[in-house]
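Biologist: I'm new to this one. Could you pick a single part and walk me through it closely?

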Amino acid sequence: MTQETRAFQAEVQQVLNLVIHSLYSNKEIFLRELISNASDALDKLRFEAISAPELLAGDPELKIEIESDEKARTLTIRDNGVGMAFDEVVENIGTIARSGTRKFLESLSGDARKDAQLIGQFGVGFYSAFIVADKVMLTTRRAGGAASEGVVWESDGKGEYRVDRTEHAPRGTEIVLYLKEEESEFTAGWRLRSLINKFSEHIAFPIRMKGQHSGEEEKTAEFETVNQASALWVRPKSEIKDEDYQSFYKHLTHGDGEALAYTHNKVEGSQSYVTLLYVPAKAPFDLFGAQRDERHGLKLYVKRVFIMDAAEQLLPSYLRFIRGVVDSDDLPLNVSRELLQDHKLTQQIRSAVIKRTLDMLEKLAQDDTEKYAAFYGEYGQVLKEGLTEDFANRERIAKLLRFASTSTEGATPTVSLSDYLARVRPNQTAIYYITAESHLAARHSPHLEQFAGKGVEVLLASDRIDEWALSYVHEFDGKPFVSVAKGDVDLSTIEDLPGATRPAVAELPDGLADRIKGALGERVKSVRGSSRLRDSAAVLVVDKHELSLHTQRLLKQAGQGAGSGAPNLELNPTHPLTARLQGEADADRFADLATLVYEQAVLSEGGQLEDPSGFVRRLNQLMFG
Ligand code: ADP
């Protein structure tokens, strides 16, 4: 025999300590975690047995058993699932196999309360056993392996574990918890039953315990099933309570967080399938990661048999935060990833998943503004990707968007396009928006001056994705989307608000535009009078089909400075600076002044000056010269 003692990977020990300390107040979740793992192991075996039925030989009824011994203070959780081979034990239980774990560790704040929430979301898994046990012993054998290929793993959770081989292990995994002295309550049958009832009622496999007798009888009592042992999603909706959905969600996600919303639908007819979809209250760490973790997504079942994690096939990228279950009666049980990709049913189910998700979000937006705001805070940016990806549903996605706006205070996006349309001014023909690097840059942009004067609302968009995403929304409810910072914006048919400063005619004095253009050279494409401005002296405007200046900057930072033309400089004809320019005869002083006006426009638009110290010199000269 090859008994070996090995050290936990440093990160494992770190996770382990965190689990033990931060989850102590919620310690009973260890049972849910271990039962979830057992249920996953049974799912895996059932799937493997489709093509290799001999794996079930001799022990065909898949089940979970829970047994306790008051005197020895032990609790045993046993499954006859897929089990683990020697290397798998070392890999799964002793190291950080999951790509998310490292990210999780990096995102820890050191604040115990926040971190406890994080770990709940992340899923605490096997290590939660050490919350209540001071020693854990795991015996396992991989389905298909010989009885002599068993593995025993044992640890007190303090830095080291021992692994050994064993000759006589049954198929599956048995975990024995040697409970801490103060945790002896977890040997009581009634306590265990009530926990199973709370956490694991809807595990699709039977969870079996010995009858509730005491003393001698206990030893001889028969195992009986203590849960419903039927998949939650196949039961009629009318029989399922909110807490059932939430507890199933926790099982599904191996986490402790709640779902913000869910939707459960059964389709019967030429095709039959069930979808149960959840929106997690908190976004996962890898929402914007390059690689999607398949396990954070949809589980595909065929006739109640778990087949695979199939988020990529069944969910578009912009709904990648959705978690849940799809169970089809019509896909073949032996469906492979490749087959699924091409199967005609896949498209149909995928469309249904999208439709149900959008239905759910619309309902949430309608019924519960607060929850919808929470949803939007977590996933708004991802949802916007849908505008660029899902042509068929663009209108529905647009309805779900929320914006900050000149008609509301603060940076929180609360205004929907329907809200906007309800407030349009007489003769207003377009939906106006501005994109900028930050909320304040958008809110204080000189581009908004004429809109303020006319009482026309402007949507303030400052997410990185906004300009790109909004360029896909050409119109909403018959009104075109127009960026206020591009091309010509004609508001002349809309009346001024009473008391607004009127802009003068947009004409500059004769010859001034040419002189300024001469002084600025290639930095601007043209110089012209502006009808956009009321208070500011100057503003930069790009042509209608150009990218906005801030997006040009973003691209440049990313090393993709594709050749956009220079912007146009528009001047406020009624501003004193314009008169000052007009009156300046000295060529050098004129050039300095023109440059200053241009630099103002760059700054107020959120840009960086090419020659900051030159700017300071020019400014000082103007002030003191
Ligand atoms: P998670 O279940 O979230 O992956 P765990 O720490 O709970 O994290 O488990 C790590 C891995 O150990 C699992 O992914 C699985 O491969 C394996 N494992 C845990 N429990 C069992 C079990 N009862 N049977 C077979 N494999 C298991």
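Modeller: Sure, let's start with Ile 431, whose bridge partner in strand 19 is Phe 481. Before going on: this is a predicted model, where local features need pLDDT of at least 70, side-chain atom pairs count only at pLDDT 80 or more, and totals for chains, interfaces and linings use all residues. Residues are numbered from 1 along each chain as its sequence is written, and side-chain values use heavy atoms, leaving out hydrogens and water.

Ile 431 sits in strand 16, residues 431-435. Strands here are DSSP runs of E, at least two residues long, numbered from the N terminus, while helices are runs of H or I with at least four residues. Strand 16 runs parallel to strand 19 (residues 479-483), and three bridges join them; two strands pair if DSSP finds at least two bridges between them. Strand 16 also pairs with strand 17 (residues 459-461), again in the parallel sense and over three bridges. There, Ile 434 has Leu 460 as its bridge partner.

What about the side chains? In a regular strand they alternate between the two faces of the sheet. In strand 16, Ile 431, Tyr 433 and Thr 435 point one way, Tyr 432 and Ile 434 point the other way, and all are buried. Buried means under 20% relative accessible area, exposed means over 50%, and partly exposed lies in between, using a 1.4 Å probe and protein chains only. That leaves strand 16 mostly covered, with five of its five residues buried.
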